[in-house]
Every structure is written in structure tokens, then in C-alpha cells.
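Colleague: Could you take one part of this model and walk me through it closely, with the side chains and their surroundings in view? I would like a connected account rather than a list.

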Amino acid sequence: MAKGDKSAMVSGAGLLAAFTTDLFKQVRELGAPDENLHRALSDPNVIKKFAELVADLDVQHITLEQTSHDPTIDLEVQIRRGQYKYVDPGIKELVPGFFPTALLPKSFALIDPCKMLSSEEALDLLNRRGYRPATFVELIALGAANRQLGTQLPVISLSPGALTVTGTVLMLAPFDGDRQLELRSGSGITWAWMTRYLAVRVRK
């Protein structure tokens, strides 16, 4: 075994021991018997929930604040409210002119995997974590409500057809301290490590 691998294992073992000690302490402070913790640590459902909690540490949750009580939103108005430096003219061909306000989610997740991913890998990651990619409409609505979104780091919406040859991705792309609303090809692309993926939780 390489020296570096052995060092990593020792470090990991120490971290795990400290975590277990603190976990037992917290359980006892809550007045629960140690047996409860033994049962939890042998329960696959508990382990899965803990793993999902750890995985979600790279997720930023954003609430969509509705500024209008209209039953429908006008996508062209939403794009103007976003005050983008540039808007890809092809967007209007891919999104409906109007959209029912009630169908917009109230909460979004901004996922930061901290690594380069292809569109296929990103979609698979979202699915395994219990998320779906935000739609183009949802990204436009959130971009209008949050004008800082996408000014520092790129935020993308992966369309269901992003993996096809003609598939597209909608991106809030940083530009000179501001942002642009751009269409990008989703096929054969590897997204930069700083890319954030806008998503909606579908599995609790």
C-alpha cells in the first residue's frame, strides 16, 4: 500500500472514530439509549438518509418569491425583468409565451458538484439525488426574481432533450460583472467545475 493511501486511511479512521464518539454523546444527551444508535447504524434506510444529507451539503436552496398574483406569467416580461446584457433570440422559440404561475415551484436547489461533468453525468447525478433539472421557464422566472443569480458563476437548466444532437441547455452566464441568458448545446459537452445546476426536488 502506498504511503499516501495509508495516511489517508489513518486520517479517515480517526475522523470516523471522533464522529462515532460525538454521535453517542449527542444521543445520550437526548436521553435515548445506546441501543437506539446501534439499531440506527444497522438500518439501511437510516444510512441512506444520512448519505443523502451528506450529499446535499453542496446544495444551496433558493426560494422563489412571487412578486405578482397574476394567474399566468408573461415570459417576455420575465426576461425583461432579468435585465440581462444579452438574450439569445432563439429562446422565444423554445419556451411558451405564457405559463401558469401555480405550476412554478416555490423552492429550487442550486447544486455544486465541484467537478467537471458531461450533460449525461449531470442528469444522472440529479436523478440519483432525487432532483430533476429545472425547466427553461423556471430558470427564467428565478432569474427575474434574483438578479444576482448567474453574475458570478454559470447556472444552467438541462432540458430533457439536452443529450440529443440538437439538444440545448439554457444558461445564466456571467459577463463583466453582469450576466447573459444564453442557449448552449448540451450534447458532447463537459461543463466546467464551477457550473451550478438548477434543480427541483422530486423525491423526499
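Modeller: What follows is a close look at one helix, α5, and then at some charged pairs. The model is a predicted one, and the description should be read with that in mind.

Helix α5 runs over residues 119–128, and within this stretch Ser 119, Ala 122, Leu 123, Leu 125 and Leu 126 are buried. These buried residues lie on the same side of α5, because they cover an arc of only 160° around the axis. On the other side of the helix, Glu 120, Asn 127 and Arg 128 are exposed. As for what lies over the buried residues, the cover includes several strands, namely β4 (107–111), β5 (117–118), β6 (131–133), β7 (155–158), β10 (190–191) and β11 (196–201). Just after the helix, Gly 130 takes a positive phi of about 90°.

Arg 128, one of the exposed residues of α5, also takes part in a salt bridge, its partner being Asp 124, with the closest N and O atoms 2.8 Å apart. Both residues belong to α5 and are 4 residues apart, about one turn of the helix. Their accessibility can be given residue by residue: Arg 128 has a relative accessible area of 54% and is therefore exposed, the cut-off being over 50%, whereas Asp 124, at 39%, counts as partly exposed.

This pair belongs to a wider set, since the structure holds 6 salt bridges, and two others may be set beside the one in α5. In helix α4 (residues 75–81), Arg 80 and Glu 76 are likewise 4 residues apart, about one turn of the helix, and they form a salt bridge in which the closest N and O atoms are 3.8 Å apart. Here Arg 80 counts as exposed at 55% relative accessibility, while Glu 76, with a relative accessible area of 43%, is partly exposed.

The other pair joins Glu 138 to Arg 132, again through a salt bridge, and the closest N and O atoms are 2.8 Å apart. Glu 138 has a relative accessible area of 4%, so this residue is buried, the limit being under 20%. Its partner Arg 132 counts as partly exposed, at 27% relative accessibility.

To return to the helix itself, α5 has a buried side, on which Ser 119, Ala 122, Leu 123, Leu 125 and Leu 126 are found, and another side with exposed residues, among them Arg 128, which is bridged to Asp 124.

How values were computed: Residues are numbered from 1 along each chain as its sequence is written. This is a predicted model: local features need pLDDT of at least 70, side-chain atom pairs count only at pLDDT 80 or more; totals for chains, interfaces and linings use all residues. Side-chain values use heavy atoms; hydrogens and water are left out. Buried means under 20% relative accessible area, exposed over 50%, partly exposed in between (1.4 Å probe, protein chains only). Helices (H or I, at least four residues) and strands (E, at least two) are DSSP runs, numbered from the N terminus. The arc is that of the directions from the helix axis to the C-beta atoms. Contact means heavy atoms within 4.5 Å. A salt bridge is a side-chain nitrogen of Lys or Arg within 4 Å of a carboxyl oxygen of Asp or Glu.
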